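Let us take a walk through this structure together, one topic at a time. Please have the viewer ready.

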Number of protein chains: 2
Amino acid sequence: MILLTPGPTEIPGESIEAMSRKAHHRTSEFRKAFTSVVENLHWLFKTKNDILVFASSGTGAMEASVVNLFSPGDRVLICSNGKFGKRFAEITKSYGLNVDIYAEGWGKAINPEMVNEMLKKDTKAVFLTHNETSTGVANDVKAVGRIVKENGSLFIVDTISGLGVMEFETDRWGVDVAVSGSQKGLMAPPGLSFVSLSEDAWESHRHARLPKYYFSFDSYKEKLETGQTPFTPAIPLIFSLEKSLDFIKKSGLENLFKKYSALADMTRERILKMGLELFAERPSSALTSVRSPQNISSRDIVEHMKRKGIVIAGGQGQFKETIFRIAHMGYIERKHIEMCMDALSSVIQNLV
Amino acid sequence: MILLTPGPTEIPGESIEAMSRKAHHRTSEFRKAFTSVVENLHWLFKTKNDILVFASSGTGAMEASVVNLFSPGDRVLICSNGKFGKRFAEITKSYGLNVDIYAEGWGKAINPEMVNEMLKKDTKAVFLTHNETSTGVANDVKAVGRIVKENGSLFIVDTISGLGVMEFETDRWGVDVAVSGSQKGLMAPPGLSFVSLSEDAWESHRHARLPKYYFSFDSYKEKLETGQTPFTPAIPLIFSLEKSLDFIKKSGLENLFKKYSALADMTRERILKMGLELFAERPSSALTSVRSPQNISSRDIVEHMKRKGIVIAGGQGQFKETIFRIAHMGYIERKHIEMCMDALSSVIQNLV
């Protein structure tokens, strides 16, 4: 069975084996692994900022970036062009922020000019999704960042499915809070999430009045210095991620970016040859989203692919049954994508 | 190396192997495992109530029990006789509740009569720790429950380190919210937490105005019916817990309770024979807390034990260096405790 879903992705054998390692979390063995993880995350995020690690899904870190930085009524701008942009809108509304939404169509990219137009003087922060997993659209973080910084607002970016797959420069692009997770480009199992925090983010944190406890940055920062977390960490996942990050470092980030980009090109070429239509404007190299042929539910395509041992994903939200998604990130090679395309071609022929 | 810490505990081989199982979470394979986990948790909690599963440390589920049930200013009574009772006080204060605290000495048990005295007519809920992991004290959940129910208050119990180790009856003892975690009596890795919710808890949830998102009960309840979670679950930990619960069920709950109780007796007998002093009033069968001999830091005892391949725990809070803790729960046998006691005897002789 091959996992070609936009998270969880295939992970290296060493990362699987590492989960069976036994340790208590208040020991030097664990501290060593945890410190290595944090160090390599700094390298991967391209940041000198603090990085905190949570035992939670990526959504937990998204919530952490909200509850730690704001007070009720703070004005924020959410750039939303898919399910995960929408999630930032839901979280900020749940916490009583004053939420402006730049809602772009699903499958379309966020237009930096529109962000510029919608920014107000008192916009305290802008939220953007790097790779919108629900549609396969990569937003232009660098261009939006420039505009956000000119306005003096905080810049919060969800790169849960972008990090490790496509170029991402936390510090150079002015990202105050970068949010990520373990189970996509990081090639580790799900259950860990991360935030990086700039000095401005910490400054905002000092005045933030929203209530918090489990995700309170202070507790994590305090323990960080000693290579620990305030609450029991998901130990096997940390050991696993340690190995995955070692692998990513050994592979070289630029090499991985090139590889994923080539796999994306190859996938799209084959998709078009099958007479299918691509869905995403400004497609990311993490995944390819494809329109299901008329009168065929993508649910059926996913199901038939699964019977052939290849797990891909259907759509989400209003595109649940009308698009399907093939990820080409994680611990995979060209041959996996070839197998996937051969299988897909046969499935489509049988279904049409 | 043997883990005799009050979480994480030793886990069965099958539970370790299960972590390497590969699956996407929106598939029938995962749903099957998840449904089996929830079913067996019902059996373990002894409840017909809903049980929700989070990707987080136990503290996440503690927070969930607060943010989902209350509104700012609600009066609650926290019974606190150690670090984890204190944690409930910290969480409820962070969220702006009107918090009464019955603070008992560390090492002492919560006195049900005192709970009765401190209850007020408008006390909306009482929080109690079943097994106070920091001191090894087991509180009388049944007796406190009777008093709480007479007052018409909600009863919220942290049984993170009690469940699966000692008698616990969610429904019969009137527990409205039982909070637990994967890495103690449940013999699985850390990273999963649970809550069970009575009808009264759900009713309170409907009127609760505290903000929440990641831990919002509604999202989990909605997905529960389809054997899923709203956010990506920690897949390997679910597969692991599935096997651990199978093992617990096969072992028989009463048999495990008896075994742990016998191991506790054996531990205490040996401790007293060494001339050491026990710390806990009303000791639980999950762990034994021991006073460090005068002028010897428990940190040194823990360190020397570790060199012999046995991981035990020091104290917490103000007892960090003056007590140490030996757990006798999880996937262990009599021989492990014997080895631990032999090693401890030698360590103490060398240090005194």
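Over all chains, the structure holds zero disulfides, a disulfide being a pair of cysteine sulfur atoms within 2.5 Å. As a reminder, a disulfide is a covalent bond between the sulfur atoms of two cysteines. Two cysteines to look at are A:C79, which counts as buried at 1% relative accessibility, and A:C340, which counts as buried at 0%. Here buried means under 20% relative accessible area, exposed means over 50%, and partly exposed lies in between (1.4 Å probe, protein chains only).

A word on what you are viewing: this is a predicted model, in which local features need pLDDT of at least 70 and side-chain atom pairs count only at pLDDT 80 or more, while totals for chains, interfaces and linings use all residues. Residues are numbered from 1 along each chain as its sequence is written, chains are lettered from A and ligands numbered from 1 in the order in which they are written, and side-chain values use heavy atoms, leaving out hydrogens and water. Chain A averages a pLDDT of 98, and 100% of the residues score at least 70; pLDDT is the predictor's confidence in each residue, from 0 to 100. The model scores ipTM 0.98 and pTM 0.98.

Now for the interior. The largest nonpolar core has 186 residues, and A:F70 and B:F70 are those with the most contacts inside it. Such a core is a set of buried Ala, Val, Leu, Ile, Met, Phe, Trp, Tyr and Cys residues joined through side-chain atoms within 4.5 Å. Leaving aside residues up to four places away in sequence, B:F70 touches several partners, including B:V76, B:L97, B:F127 and B:I156 (contact means heavy atoms within 4.5 Å).

What about the rings? The whole structure has 35 aromatic pairs over all chains. Rings of Phe, Tyr and Trp (its six-membered ring) pair if their centres lie within 6.5 Å; planes under 30 degrees apart count as stacked, over 60 as edge-to-face and the rest as tilted. With centres 6.0 Å apart and planes at 70 degrees, A:W202 and A:F217 are therefore edge-to-face. Both A:W202 and A:F217 are buried. By contrast, B:F70 and B:F127 form a tilted pair, with 6.0 Å centre to centre and 45 degrees between the planes. B:F70 is buried, with a relative accessible area of 0%, and B:F127 is buried with a relative accessible area of 0%.
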